[in-house]
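Here's a set of exercises to work through with the model open beside you. Try each task before you read its solution.

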Amino acid sequence: MHLFTPNHVSLITACYPSSSALASSSPEYRPNAQELSRLTYYAANRPGKINKLGGELEKRVKAGCYKAQYGNVRARASLLITLSILRALAVECRRDISLLSPALVACLKVTLDSLSSDLEVVARAASVFTAWCTFTDGHVIEADSNLARDYLAVLRRFAQLSTADVKSVDHELRNRTRLVGLAALTGAVNSEALYCSSNQYKPQASIISRALLFHVMNADLSVLDHCAEAIKSNATSIYLAEFRSRPVIERRAASIHAHVDGESGPSSSDVLNTSLRALQHMIQHSNSAQMGLLMEATFEGLGDLKVWEKLDQSRWLAQKACEWAQYQYRYAVPTRLVEQLLLIQDSSICTAQHKALATMVPAVFTSPVPLVNLSTSDIISNLITLVLRRVSIDPQDALLPSLVECISSLGAHIYYSDQIQDLASELVSRLVTVEIQGVTGRDKELGDRRRSQAIRCLLAGLLGLMRAADGSQVVSDDKNIPHNIPSSSIPQNNDPLQRPPSHISRRTRVSGEVWHETLSLLCDGDYSVRSDYAHTLVDYLRKEIPKRGDTTDENGVRCPRPLIEGSSTHQANNIGILLYGDSATRLLHATHAYLFILATTSSIGISFNSTPSPAHSTSGDIPSIGVTASTLQNESGPVNGHSTDPQGSSPARRSPGLLARTRKSSNAQRLLESVPEKVSAAASASLSDYALILYVLSAIHKEVPTRGLLVGLPMLMALHGTTEIEDGTDETSKQRVKVIQELLARVWLVLGRVWECTELVDLAEKALSTIEAAPTLPSLSEFIPGVLRPAQTEVRFPPIEAAGAMGPWSNVNAEEALAILVSSKSVQEATGLDRQALLRRCSAKWTVDMALRDAADRPSNHRMMDGGSPLLKLSPALMAIENLSLQSLTRSVRGVGVTDLRDALEGRAGASNPALVRRPSVSTLECSPSLDLRSSPLGLTRSRSRPKKRAVTSSAGEVRDVLNRLGIGKQNGSSLLKASFQ
């Protein structure tokens, strides 16, 4: 040894065997143990010398690699020993690992660049790399750009080894090479170097994820499931004992070997298992921002590997990413999937990436893995935007059915009771916008097709969303298809695994106020839209609409429940709701109006380019129909202190927009101009339209029989009146009249079966038996809820020449059918009305304009009191009298009872409430009476009580007069008011 050799060089040189013993040091290629201990002790106690030690080792590595490339055996052995010395220094100098990092990583880079085909050298380098990853904190990478560059180069080398396809028939050699690379990547995945810096995370994640995805995407689905279960049952890694569970000083680094004597070669399953374990660790240790970057790196890796076509593996990967991610960060997976779809939404064709991403989204939402912190409103808004964009590019885009499935699957995760209501409101809002404005695109000639396809997509998504929220499968169960439709066209669903579950969802149902905005689609200009909407409406009637008074018998058939059951207050409230309407009743009013328009109008379709109708306000904000502030609180009033219609209690929040509704109502009024008094050949409805009308009406009377009876019978009588044509009418009009009469006969048949009225059933069946010649109502095609089906074509009326002479036809006598129905005991019990009251209501004049007004108008207090309990009539009438005691009723510290109210009406002398005998602190003498004190522009001012006696403007006589006019006064010496409260 030279006399002036530095001490650190001497210590390193002493670790190597003699020159003659280098070649024979195989297979261990270990440094001298005693000298290595002296070297590590020297480095650990003199951190300032670590930089020099690293520099010397780097020189030796470069020299050894250069000579080993040309087959120098001694140089190769020296290189292996040098790598062992580097690993020993990394382990012993773990506290000062940052000082050794530049030289260590540079040595690894040179080694892998020069001898990447030598598996033993690569395994020794991977062992050094794993030791460094175990003890580094990663901050040195961000501080040193050269180190960061070398580190990424080393990662790329190991990533290439993990996917290497060795040109040999020996699969064991290929698997060993891949395992060495994966072992090194596993060390990087479990290192703080990956997670400490957000700037350095994305480059590392891109390199690592691509290598791991290579094995995942090329494996069979069954093998993936088996390996995932194996990982779940045995969470301990064979390559890393611990990760950040102990302080750096207590950590242990894994040692990697190319081969261990006595062990069999690794299999492909071992390689896949290692890849999945590394991927799982990577996902588990990532936070929210890192999960987003990891998803981006995953998309890039799948694109580089060109494996987007493997849809099954893509769905499996998305589900496992959610399962393995930390609970609070799982939302990043579906969010990034949708955002990635938005980034590529402008592509002119539907690529494999589009299809894969669109299948991964519902796979995540339908999986049992819970998701928190997910912004469902943002997700559905982005999905709707994506649907409209794809429709604008191509109305027949292949991605649309998958996007509809994405929207539907969002209903599988419910986090609060109003979630589906809110998501449906968003869908309906965009649906109304598309209905009014259409969808813009490059080709203007396809404007109508784009509009129709966009509406159909949103309708399918809306229905699928509600179905998914109830946990039902996407299967057809249209049991309410009219009886004239052949059973062969109805999909059979006898699989118990596909039947909807029997549990009742606690979510808030989509209110009629929200659904009301979509009813104009019944009169849309495109039959495919009308058909899809009619089926969607029927499903809404079955699943969503409130069904007070309905129940199910032992055979599962829905039948009406008498509304007169329960207390008198409950009876009056139920009957009042049915007569004057909650959101469901108003929806039925509007539905019958649009069905009547569809059956008789000569112009289907709505134009949105004209000025508002005079029936609405000129500002376009609200209809001219007045609604007082008191009716906005609750449209049907409370029952026993609870709202009877919780879905309609906050219409301002639920409504997609008053302006859009006003414009739609205005155009609905404009449709009235084309509604004739009698059916004529100019009517636009086809045979398929009349089949849809029958389908909807049948569903109404089966699902909401009591409401359907009270709301729908006047419409049926009016529709029957349009068929009373003169004898000289042309054959085309007679043909249409025959179809409408057949429709009415089938509706009467449904009514007879629902209300178990055999006379009405016999009457309808007798009329239907006289049908001899075509045309008759056609069958409806299969409809699967939540699935975008091809656009349907309508069946038009055949020419008169082809139809032949009109055969004899005996239609149902509407007056006779109505008389039979109102005489039914079950009808009277269900409605709580006698025969005369039912006949009076059902035979009342009905027009489309009246129905639309009833649908738009919220019931006032006066309308709700008609026919109700006499006690409910008292308050509005007395409020019209200037009663000075009303201002003081709220000043009592105890509740005001019925006795106090009676004493207040009879006089103050006998008042039992002390508050009633004191003068009020608010002067009301100069305030004019008003039904809505809150809306009065004159606020009441507080003032001192006047010392002089106030003039009472209302006497006991006036109160008695009001009571007498209401029919509540004293009769035969007894007070009905007093008796009612006792």
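## Exercise 1: the buried side of H15

In H15, the residues that come out buried are Gln313, Ser314, Trp316, Leu317, Ala318, Lys320, Ala321, Cys322 and Trp324. Keep in mind that this is a predicted model.

Task: work out what covers the buried residues of H15, and check the length of H15 against the span expected at 1.5 Å a residue.

Solution. Start with the neighbours. The cover over those buried residues includes H11, helix H12 (221–233), H13, H14, H16 and H17. Next, the length. H15 has 14 residues, and from its first C-alpha to its last it reaches 20 Å, close to the expected 20 Å.

## Exercise 2: H14 and one of its residues

Task: do the length check on helix H14 (residues 288–305), find what its buried residues pack against, and then decide whether Leu293 is buried, partly exposed or exposed.

Solution. Take the length first. H14 has 18 residues, which should span 26 Å at 1.5 Å a residue, and the C-alpha atoms at its ends are 26 Å apart, so the two agree.

Now the burial. The buried residues in H14 are Gln290, Met291, Gly292, Leu294, Met295, Ala297, Thr298, Phe299, Gly301, Leu302 and Leu305. They pack against helix H10 (192–195), helix H11 (198–217), helix H13 (268–284), helix H15 (311–324), helix H16 (332–343) and helix H17 (352–365).

Last, Leu293, which sits in H14. Its relative accessibility is 22%, and buried would need under 20%, so Leu293 counts as partly exposed. Leaving out residues up to four places away in sequence, Leu293 touches Ser198, Tyr201 and Lys202. The C-alpha atom of Leu293 is also 7.8 Å from that of Ala205, with the two positions 88 residues apart along the chain.

## Exercise 3: how H1 meets H3

Task: describe how the axes of H1 and helix H3 (residues 50–68) cross, and say where His8 fits into the contact.

Solution. Begin with geometry. The two axes come within 10 Å and cross at roughly 50°. That angle makes H1 oblique to H3. The crossing is right-handed.

Then list who takes part. H1 contributes His8, Val9, Ile12 and Thr13, while H3 contributes Lys52, Leu53, Glu56, Leu57 and Arg60. Sorted by class, the contact has four nonpolar, two polar and three charged residues.

Finally, zoom in on His8, which lies in helix H1 (residues 7–14). With a relative accessible area of 12%, His8 is buried. Beyond its neighbours within four places in sequence, His8 is in contact with Tyr42, Lys52, Leu53 and Glu56.

## Exercise 4: how H30 meets H36

Task: repeat the analysis for helix H30 (residues 705–722) and helix H36 (residues 835–842).

Solution. Here the axes come within 8 Å and cross at roughly 55°. The pair is therefore oblique. On the H30 side the contact uses Leu709, Leu710, Leu713, Pro714 and Met717, and these meet Leu838, Arg841 and Cys842 of H36. By class, that gives seven nonpolar, no polar and one charged residues.

## Exercise 5: three loop residues

Task: place Asn373, Glu756 and Ser511 in their loops, and sort out whether each is buried or exposed.

Solution. One bit of background helps: most residues other than glycine have a negative phi.

Asn373 isn't a glycine, yet its phi is positive, at about 65°. You'll find Asn373 in the loop between H17 and helix H18 (376–393), and at 55% relative accessibility it counts as exposed.

Glu756 isn't a glycine either, and has a positive phi of about 55°. Its loop runs between helix H31 (731–754) and helix H32 (758–768). Relative accessibility is 69% for Glu756, so it counts as exposed.

Ser511 belongs to the loop between helix H21 (447–469) and helix H22 (512–515). Its relative accessible area is 0%, so Ser511 is buried. The C-alpha atoms of Ser511 and Ser583 are 6.9 Å apart, though 72 residues separate them along the chain.

## Exercise 6: stepping back

Task: what does the protein's secondary structure come to, and what share of its residues is buried?

Solution. The count is 43 helices and six strands. Of the 982 residues, 52% are buried. As for contacts between residues at least 6 apart in sequence, 80% join residues at least 24 apart.

Terms used. Residues are numbered from 1 along each chain as its sequence is written. This is a predicted model: local features need pLDDT of at least 70, side-chain atom pairs count only at pLDDT 80 or more; totals for chains, interfaces and linings use all residues. Side-chain values use heavy atoms; hydrogens and water are left out. Helices (H or I, at least four residues) and strands (E, at least two) are DSSP runs, numbered from the N terminus. Buried means under 20% relative accessible area, exposed over 50%, partly exposed in between (1.4 Å probe, protein chains only). Contact means heavy atoms within 4.5 Å. Axes are lines fitted to C-alpha atoms, for helices over the stretch in contact, and angles run from 0 to 180 degrees between N-to-C directions. Angles under 35 degrees count as roughly parallel, over 145 as roughly antiparallel, 65 to 115 as roughly perpendicular and the rest as oblique. A crossing is left-handed if the near helix is turned anticlockwise from the far one by less than a right angle, and right-handed if clockwise. Ala, Val, Leu, Ile, Met, Phe, Trp, Tyr, Cys and Pro count as nonpolar, Asp, Glu, Lys and Arg as charged, and the others, Gly among them, as polar. The expected span of a helix is 1.5 Å times one less than its number of residues.
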